Amino acid sequence: MDLIDELRQFSTRVATIKSAIKTEEATKLALVLPFFELLGYDIRNPLEFEPEYAANFGVKKDARVDYAIIIDKNPIILIECKPCDEDLEKHAGQLFQYFAATTAKFGILTNGIIYQFYTDINETNKMDKDPFLVFDILDFDENIVPELKRFAKKTLDIDAAFNAAAELKYMGKIKELLSSVRTEPQDSFVKYVMAEIYDGKATTKAIEKFRPIIRRGFNQYINDAISGMLQNAIKVQSNPNIAPMEAVQDEVPISEQQAEEERITTLEEFEAFAIVKSIAREICDVNRLTYQHTRDYTVVLFDNHTWKRICRFWFNRKQKYITIPDENKNPVRYDISNLNDIYEHADKIKEVCKRYL
């Protein structure tokens, strides 16, 4: 069984038992140790996975970190644990001190549910303030599992993992920056764009004028780029006659800002729409399928008709799911763990399409 499948199973188990875990020791036994077993470590071998590792610092001579992963008798990864109901934010300082007192290259702070990975990108042997990777066993993006795999026993490469950590850190900051541009561009970014396209001065009034224009332009560029990528992918699937997807206007009058927010469709939703099209192509002309995006869900429509719903994607939540109308047009929920699970409901989607022919 692949790691991602084991993580899915473990996630289900954690969700079931977490309410019964009351202490830090119980968190270690029920959550933390099984997690590192999934990563391939022999948790019963102190030469490899040492509990209560000495990490003395300053005048404190009895400081011990909960666990240390040992390679060639040296600590490589320090693991500090807290109870599963504990907020980790206030405990990073403790791991910071342990990290500085050892030769470890990575530190992990966890409450058995959330795992925060740290290293020393900014200054050698001084743990960075922010984690480069955060993994939530109850709500994880499967795209980051390969990054987690770097810390599995069989694939652990310290130099490669450190280089990847630096890239992850800066990629995260880039995503934060672009996210801010999408919602509310900062003055510095607005001024930068204005310098490239505007001949006037970047006065306060001009900046406020350009801010919503830049936001809309940036969002439109993202949508156009994703739509173009999706169309190319569809053509590769030997479907050259599929027309470009067009968003349907909302039936309820909304403000310009709300309309802009609701036009932003994620790549995941585009891919889900493509999957539905690939399923429906056996039944009907997929040019008759369109989608409408709202703040809560994306609905796939037949003939652009709001009463002819094929399915809805509910992806903006921890447990992703789709709803498919039954013969009485009542939505039936189906939980999914990834987009490929949509194919498991292909027969239901086809049946809905047949009703509208």
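Trainee: Where is the place of F151?
Mentor: This is a predicted model, in which local features need pLDDT of at least 70, side-chain atom pairs count only at pLDDT 80 or more, and totals for chains, interfaces and linings use all residues. Residues are numbered from 1 along each chain as its sequence is written, and side-chain values use heavy atoms, without hydrogens and water. Helices (H or I, at least four residues) and strands (E, at least two) are DSSP runs, numbered from the N terminus. Helix α4 covers 145-149, and F151 sits in the loop between α4 and α5.

Trainee: Does F151 count as buried or exposed?
Mentor: Buried means under 20% relative accessible area, exposed over 50%, and partly exposed in between, with a 1.4 Å probe and protein chains only. F151 has 2% relative accessibility, so the residue counts as buried.

Trainee: Which residues is F151 in contact with, leaving aside its neighbours within four places in sequence?
Mentor: Contact means heavy atoms within 4.5 Å. One partner is I77, 74 residues from F151 along the chain, with 9.2 Å between the two C-alpha atoms. With those neighbours set aside, F151 is in contact with L39, Y41, I77, F106, F117, F132, L156 and A161.

Trainee: What order do the strands have in the open sheet of 6 strands?
Mentor: Two strands pair if DSSP finds at least two bridges between them. Pairing in this open sheet is mixed, and the order is β1-β2-β3-β4-β5-β6.

Trainee: Which strands stand at the edges of that sheet?
Mentor: An edge strand here has a single partner strand, so one side of it is left without a neighbour in the sheet. From one strand to the next the twist averages 25°. The edge strands are β1 (49-54) and β6 (133-136).

Trainee: Which residue in β5 stands opposite G107?
Mentor: Strands β4 (residues 106-110) and β5 (residues 114-118) run antiparallel and are joined by 4 bridges. Opposite G107 in β5 stands Y118.

Trainee: What angle does the direction of α5 make with that of β4?
Mentor: Axes are lines fitted to C-alpha atoms, for helices over the stretch in contact, and angles between N-to-C directions run from 0 to 180 degrees. Helix α2 (residues 24-38) lies across β1, β2, β3, β4, β5 and β6, at about 15° to β2. Helix α5 packs on the sheet by touching β3, β4 and β6, and its angle with β4 is about 60°.

Trainee: Does L178 count as buried or partly exposed?
Mentor: L178 lies in helix α5, residues 158-183. Its relative accessibility is 40%, so L178 counts as partly exposed.

Trainee: Which strands stand at the edges of the open sheet of 5 strands?
Mentor: The order is β7-β8-β9-β10-β11, with antiparallel pairing. Each edge strand has a single partner, so one of its sides lacks a neighbour in the sheet; these strands are β7 (289-293) and β11 (331-335).

Trainee: In β8, what is the bridge partner of T290?
Mentor: β7 pairs with β8 (residues 298-302) in the antiparallel sense, over 5 bridges. The partner of T290 in β8 is L301.

Trainee: At about what angle to β9 is α10 running?
Mentor: Helix α9 (residues 267-280) packs on the sheet, touching β7, β8 and β9, and makes about 155° with β7. Helix α10 (residues 346-356) lies across β8, β9, β10 and β11, and its angle to β9 is about 170°.

Trainee: Which residues does H345 touch, not counting residues up to four places away in sequence?
Mentor: H345 lies in the loop between β11 and α10. H345 is buried because its relative accessible area is 9%. Without those sequence neighbours, H345 touches I322, I324 and Y334.
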